[in-house]
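Reader: I would like to go through the labels used for this model one by one, and hear what each of them rests on.

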Amino acid sequence: MHRTRSLRLFFVLLSTALVLLVAPAAFAQMKFAVVDVQRAVMETEDGLRAQATLKKLFDKRQKELDTRQERLQRERDDIEKQQRVLSRDALQRRTEEWQRQMMELQGVFVEFNKELQKKQSELTQPILNRVLSVVRQIASQDGYDGVFDRNSVPYIRSDLDITDRVIQKYNATSTTPAGEGSATPPTAPPPAPPRAPAAPPPAAPRPAGAP
């Protein structure tokens, strides 16, 4: 029994040693590359157009938010100035109305964020699908055993980064009809998140006659 266990252990160790000896050689023969998927999506001609569309939507909505917030700020300042003049009931009504409008504005801000994210997904998902298709084509053409996302790899030689090739091949096979922005638009950074309403609520009304 002891001899049988010893033989079994010997074969397990021998198999492990063979794997360790063969695996590095086999791994060394494999070809790998990396691609910065996010940059590839954003720097294709379609990606640049998507960014321009998102920025236009963002600027419009942000302007609306800023206008409403400035109006609420002026109302807040006026309420504070009128605290000693208005009756307690009048001050209470104005304060409550201001708070209601501020809560409404915060709701608009949340909906704006959702709208922006939804629009971004609608515009970029088809581009992402095409980018991944181009990656598969290049991998098949060049015989790569694997292509990894550049941002998930701690280190890789620069000559193994195929991001520029992916962008070029994507643009070369773009199906965007002529006359619909076929010229490469200027690079534009993606819009920053909208600014949240930041004005604090006005001070609570004080009883009439209070110092």
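Reader: Why is Thr163 called buried?
Author: Buried means under 20% relative accessible area, exposed over 50% and partly exposed in between, with a 1.4 Å probe and protein chains only; Thr163 has a relative accessible area of 0%, so Thr163 is buried. This is a predicted model, in which local features need pLDDT of at least 70 and side-chain atom pairs count only at pLDDT 80 or more, while totals for chains, interfaces and linings use all residues. Residues are numbered from 1 along each chain as its sequence is written, and side-chain values use heavy atoms, with hydrogens and water left out.

Reader: Which residues is Thr163 in contact with, leaving aside its neighbours within four places in sequence?
Author: With contact meaning heavy atoms within 4.5 Å, they are Val34, Val35, Asp36, Arg39 and Ala40.

Reader: What makes the buried residues of helix 5 line one face?
Author: Helix 5 covers residues 163-172, a helix being a DSSP run of H or I with at least four residues, a strand one of E with at least two, each numbered from the N terminus. Its buried residues are Thr163, Val166, Ile167 and Tyr170. Seen down the axis, they fall within an arc of 95 degrees, so they line one face of the helix, the arc being that of the directions from the helix axis to the C-beta atoms. On the other side of helix 5, Gln168 and Ala172 are exposed.

Reader: What do the buried residues of helix 5 pack against?
Author: They pack against strand 1 (32-35), helix 2 (37-43), helix 3 (45-81) and helix 4 (88-142).
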